Amino acid sequence: MELPLTKIVIAIDGHSSCGKSTIAREIARKLNYIFIDSGAMYRAVTLYCLRNQIINSGIVDRDKLIAHIDSIKVYFRLNPQTQHNDIWLNGENVEDEIRLLEVSQNVSPVAAVAEVRHLLVSLQKQMGLQKGIVMDGRDIGTVVFPEAELKLFMTAQPDVRAQRRFDELTAKGETVSYEEIRENIIGRDRYDETRDESPLRKAADAIVLDNSYMTRDEQLEWVMNIIARI
Ligand code: CDP
């Protein structure tokens, strides 16, 4: 298979829990590119908000968040054991904690705050300057890298996504109910699609991948064939 000789930018957007990060990581490994999970950055800011009583009962104290924004340092560091880029928040590796359902249940209102988006989008743009990057999120093809050479929009049926996330969290030992996960996924999609600031939207030039009935290997093959034709 012929792969692009010059480094490109690959933007992957789509609905919650449809395996964007998994496929993005695999593409990056195949191409020897950097993989960035932009959702991890929004989750880390949310964790900061939960710890500092900036979000209470699902309501974000916007003024308090803006007052704290310069104290929120979010960055990636290579984990030598896993070879993954883990997310760090103010000197602490929070890769595991940001995946808790409590963070998923509070992230969308935090991610809707314009000041949070400006901060994180500017960091994300810097990461893409050298190209050779696969980034997944909600606004990557529309806002962060509108010039990306390849844009994918991923989705899958809500029940399939809920089951996958349920399996993932229970495998980690978290006690969660399938119903609350399904509710969270559907609620987050709705919130992300209807917010004023960079709503989740398929870029006009994005290719849709519905992976409801595809294995990971089938998805990877499908994407690598597209990349080979760029
Ligand atoms: O893994 P999952 O698909 O469930 O979500 P995620 O990619 O970790 O993103 C968590 C949340 O962060 C999303 O529901 C959005 O509210 C927000 N997000 C965003 O607004 N923009 C991005 N580029 C990435 C995530």
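Let's start with one residue pair in this predicted model: Phe76 has Ile87, in strand E6, as its bridge partner. Helix H2, residues 38-51, packs on the sheet here and touches E5, E6 and E7. If you compare directions, that of H2 makes about 30° with that of E6.

Now widen the view to the strands themselves. E6 covers residues 85-89 and runs antiparallel to E5, with five bridges joining the two. Together with E7 they form an open sheet of three strands, in the order E5-E6-E7 and with antiparallel pairing. Strand E5 (74-78) and strand E7 (92-93) each have a single partner strand, so they stand at the edges and one side of each is left without a neighbour in the sheet.

From the sheet, let's turn to the empty space. Rolling a probe the size of a water molecule over the atoms shows where such space is left. The largest pocket has a volume of about 1,100 Å³. Its lining consists of 44 residues, and the closest to the pocket's centre are Ser21, Asp37, Arg99, Arg165 and Glu168. By character, the lining of the largest pocket divides into 20 charged, 14 polar and 10 nonpolar residues.

The second largest pocket has a volume of about 250 Å³. Which residues line the second largest pocket? You can pick them out as Arg25, Ala28, Arg29, Asn32, Tyr33, Ile34, Phe35, Leu78, Thr82, Gln83, His84 and Asn85. Helix H1 (20-31) and strand E2 (34-37) each supply at least two residues of this lining, and H1 gives the most, with three. Here the division is five nonpolar, five polar and two charged residues.

Finally, look for enclosed space. How many cavities of 30 Å³ or more does a search of the whole structure find? The search finds one, and about 30 Å³ of space lies in this largest cavity. Around the cavity you will find Ala11, Asp13, Gly141, Lys151, Leu152, Phe153, Arg201, Lys202, Ala203 and Ala206. Strand E1 (9-14) and strand E9 (150-155) each supply at least two residues of the cavity lining, and the largest share, three residues, comes from E9. Five residues of the cavity lining are nonpolar, four are charged and one is polar.

Terms used:
Residues numbered from 1 in each chain as written. Predicted model: local features only at pLDDT ≥ 70, side-chain atom pairs only at ≥ 80, totals over all residues. Heavy atoms only, no water. Pairing = 2+ DSSP bridges. Helix = DSSP H or I, 4+ residues; strand = E, 2+ residues; numbered from the N terminus. Contact = heavy atoms within 4.5 Å. Axes fitted to C-alpha atoms, helices over the stretch in contact; angles between N-to-C directions. 1 Å grid on protein atoms, 1.4 Å probe; cavity = no way out; pocket = protein on both sides within 12 Å on 5 of 7 lines; lining within 4 Å. Points joined across faces, edges and corners; volume = space filled by probe spheres on them. Nonpolar A, V, L, I, M, F, W, Y, C, P; charged D, E, K, R; others polar.
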